[in-house]
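Got the model open in your viewer? Let's walk through it one selection at a time.

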Amino acid sequence: MSATGKTPAERRKRIPRAERERQMIEAAESVFAERGYAAASMDEIAERVGVSKPMLYEYFQSKEGLLLACIQAARSALREATEQATIGATSAEDALRKGLLAFFVFARERRQAWSLLRHEMNLVGTPAAEELEATRMQQTTLIATLMGSFLDVDDPDHTHAMAEFVVGGCERLAIWCEQNDDITPEAATDYTMNLLWGGLRHFAQQ
């Protein structure tokens with residue numbers, strides 16, 4: 001019993017389910033990022049949260065289910081960051097720069113979430129791999145939509161191809177930035193804009 005007269009089990013019951021789930025996802029995100037999916041232990045995740053391992057299974061059914069929840073949370077956070085950054089953009093160049101900066105800031109400031117979105121490529125054919133591809137498609141669709149709003153491109157396939165190029169290139173550049181801490185999100189954005197905008201500006205609506 002604690003000074004409050006409550007047992008650990010009783011104190012856990014007072015935490016809303018959504019808050020407890022958030023705590024579990026945050027702890028799991030850290031463990032998955034640090035150790036990789038295969039080496040991650042549900043025991044360690046439960047210990048970090050301060051719950052029992054059966055409670056983890058009650059919430060997520062399996063370790064893969066917990067990984068999926070982590071990827072989905074990271075995916076949602078990335079979408080919100082990039083969407084919010086482009087609200088109020090006044091031109092294609094402005095929208096692209098703001099979206100790129102938001103992405104590189106996310107990769108820098110949310111390293112564990114970003115690690116999940118890029119490190120689990122060995123899960124080919126699993127629901128987790130499908131979620132990771134859905135994250136890429138999410139960002140591709142967002143960029144294609146922005147380009148469609150600001151650029152004068154008649155062919156939807158052309159717009160989609162440009163968006164795929166941006167997503168793939170930015171993913172690789174973010175990995176390079178992760179390996180070189182002196183490359184700031186602002187510098188990464190400048191490098192990307194210098195490469196991309198020279199070609200895209202020809203499609204900018206007048």
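Start by selecting L116: at 0% relative accessibility, this residue counts as buried. Keep in mind as you click around that this is a predicted model. L116 sits in helix α7, residues 111-119. Draw a line from the C-alpha of L116 to the C-alpha of A74 and you get 7.8 Å, although the two are 42 residues apart in sequence. Now show what surrounds L116: leaving aside neighbours within four places in sequence, its contacts are E29, F32, L67, C70, I71 and L132.

**Zoom out for a moment**

Colour by secondary structure. How many helices and how many strands does the protein have? You should count 10 helices and zero strands, so to speak a plain run of α-α-α-α-α-α-α-α-α-α from the N terminus on. Of the 206 residues, 44% count as buried. Among contacts between residues at least 6 apart in sequence, 65% join residues at least 24 apart.**Next stop: helix α2**

Select residues 17-35, helix α2. This helix has 19 residues and reaches 27 Å from its first C-alpha to its last, close to the 27 Å expected at 1.5 Å a residue. Which residues of α2 are buried? Highlight R20, M24, I25, A27, A28, E29, S30, V31 and F32. A helix has 3.6 residues a turn, so residues three or four places apart point the same way.

Now pick E34, also in α2. At 46% relative accessibility, E34 counts as partly exposed. Leaving aside neighbours within four places in sequence, E34 is in contact with R48 and Q112. The C-alpha atoms of E34 and Q112 are 8.0 Å apart in space, with their positions 78 residues apart in sequence. Just after α2, stop at G36, which takes a positive phi of about 85°.

**Add α5**

Keep α2 on screen and add helix α5, residues 63-86. The two axes come within 9 Å and cross at roughly 100°, so α2 and α5 are roughly perpendicular to each other. To see where they meet, show side chains for M24, I25, A28, E29 and F32 on the α2 side, then K63, L66, L67, A69, C70 and A73 on the α5 side. By class, that contact divides into nine nonpolar, no polar and two charged residues.

**Swap in α4**

Hide α5 and show helix α4, residues 53-60. Its axis and that of α2 come within 11 Å and cross at roughly 110°. That makes α2 and α4 roughly perpendicular to each other. From α2, the contact uses R17, R20, E21, M24 and I25, and from α4 it uses M55, L56, E58, Y59 and F60. The classes here are six nonpolar, no polar and four charged.

Before leaving, step to Q61, in the loop between α4 and α5. Q61 has a positive phi of about 70° although it is not a glycine. Most residues other than glycine have a negative phi. Is Q61 buried or exposed? With a relative accessible area of 57%, Q61 is exposed.

**Into the core**

Bring everything back and look at the largest nonpolar core, which has 57 residues. Those with the most contacts inside this core are M24, F32, I45, L56, L66, F104 and L117. In soluble globular proteins, nonpolar side chains tend to be buried together.

Centre the view on M24. What does M24 touch, not counting residues up to four places away in sequence? The list is I45, V49, V51, M55, L56, Y59, F60 and L66. You have already met M24 in the contact of α2 with α5 and in the contact with α4.

F104 takes you to helix α6, residues 92-109. Helix α6 has 18 residues and reaches 25 Å from its first C-alpha to its last, close to the 26 Å expected at 1.5 Å a residue. Besides F104, the buried residues in α6 include A92, A95, L96, G99, L100, A102, F103, F106 and A107.

**Last stop: α9**

Finish with A161 in helix α9, residues 156-179. With a relative accessible area of 43%, A161 is partly exposed. Draw one more C-alpha line, from A161 to T140: the two are 21 residues apart along the chain and separated by 9.1 Å.

Conventions
Residues numbered from 1 in each chain as written. Predicted model: local features only at pLDDT ≥ 70, side-chain atom pairs only at ≥ 80, totals over all residues. Heavy atoms only, no water. Axes fitted to C-alpha atoms, helices over the stretch in contact; angles between N-to-C directions. Helix = DSSP H or I, 4+ residues; strand = E, 2+ residues; numbered from the N terminus. Parallel < 35°, antiparallel > 145°, perpendicular 65-115°, else oblique. Contact = heavy atoms within 4.5 Å. Nonpolar A, V, L, I, M, F, W, Y, C, P; charged D, E, K, R; others polar. Core = buried A, V, L, I, M, F, W, Y, C linked by side-chain atoms within 4.5 Å. Buried < 20%, exposed > 50% of the residue type's maximum accessible area, 1.4 Å probe, protein only. Expected span 1.5 Å × (residues − 1).
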